[in-house]
Amino acid sequence: MILPVVKNKGGDLTDVDNYRAIAISNVETKILETIFMGKYNDGAECDMYQFGFKKGHSTGLCTNIVKRTVGYYLKHGSHVFACFVDFSKAFDRVNYWKLFSRMMDEGSDVCFVSLLAYWYSNQMICVGWQGLYSDKFMVGNGTKQGGVL
């Protein structure tokens, strides 16, 4: 099910940018993904500079490092320049077919990738709004809120 989340950036309720859909993982998907993680997790480490979505790390840690780095250079009389990228709605736009292709290129088990491809290509969702629900429809991209993988 997709639950619209109102961000209300200026009161315009007709602006689609004021809404973000959240596709929630069902229990069956979480169980399947947990089994996959236990069986197929190859123990590969994430990038050492990744902070979010990594056990024992958070974006708060990253924020602290940025603040300390900026403070150091300002204290020593240097200019500080920073560039930030806003990946808003990035998870809504994930092309999982590219992820499956990359998994195959990196030597993941064909049966595992095939099962994931089947699972994702047959997912049906509906929109829920104020107690009303739409008809179910297919989803072609994006990841679900609370997904284990």
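**Close-up 1. The packing of helix H3 against helix H4 in this predicted model.** Helix H3, which covers residues 96–105, and helix H4, which covers residues 110–121, pack at an angle of about 175 degrees, and their axes lie 10 Å apart. Because angles over 145 degrees count as roughly antiparallel, H3 is described as roughly antiparallel to H4.

**Close-up 2. The residues through which H3 and H4 meet.** From H3 come Tyr96, Trp97, Phe100, Met103 and Met104, and these meet Val110, Phe112, Val113, Leu116, Ala117, Tyr120 and Ser121 of H4. Sorted by character, the residues of this contact comprise 11 nonpolar and 1 polar, with no charged residue.

**Close-up 3. The largest nonpolar core.** This core holds 9 residues in all, namely Leu32, Phe36, Tyr96, Phe100, Phe112, Val113, Leu116, Ala117 and Tyr120. At least two of its residues are supplied by each of H3, H4 and helix H1, the last of which spans 27–40, while H4 gives the most, with 5 residues. In soluble globular proteins, nonpolar side chains tend to be buried together.

**Close-up 4. The surroundings of Leu116.** When residues up to four places away in sequence are left out, Leu116 touches Phe36, Phe100, Met103 and Leu149. Among these partners, Phe36 and Phe100 belong, like Leu116 itself, to the largest nonpolar core.

**Close-up 5. Helix H2 and the glycine that follows.** Helix H2 runs over residues 59–75, and its 17 residues reach 24 Å from the first C-alpha to the last, which is close to the 24 Å expected at 1.5 Å a residue. H2 is followed by Gly77, whose phi is positive, near 80 degrees.

How values were computed
Residues numbered from 1 in each chain as written. Predicted model: local features only at pLDDT ≥ 70, side-chain atom pairs only at ≥ 80, totals over all residues. Heavy atoms only, no water. Axes fitted to C-alpha atoms, helices over the stretch in contact; angles between N-to-C directions. Helix = DSSP H or I, 4+ residues; strand = E, 2+ residues; numbered from the N terminus. Parallel < 35°, antiparallel > 145°, perpendicular 65-115°, else oblique. Contact = heavy atoms within 4.5 Å. Nonpolar A, V, L, I, M, F, W, Y, C, P; charged D, E, K, R; others polar. Core = buried A, V, L, I, M, F, W, Y, C linked by side-chain atoms within 4.5 Å. Buried < 20%, exposed > 50% of the residue type's maximum accessible area, 1.4 Å probe, protein only. Expected span 1.5 Å × (residues − 1).
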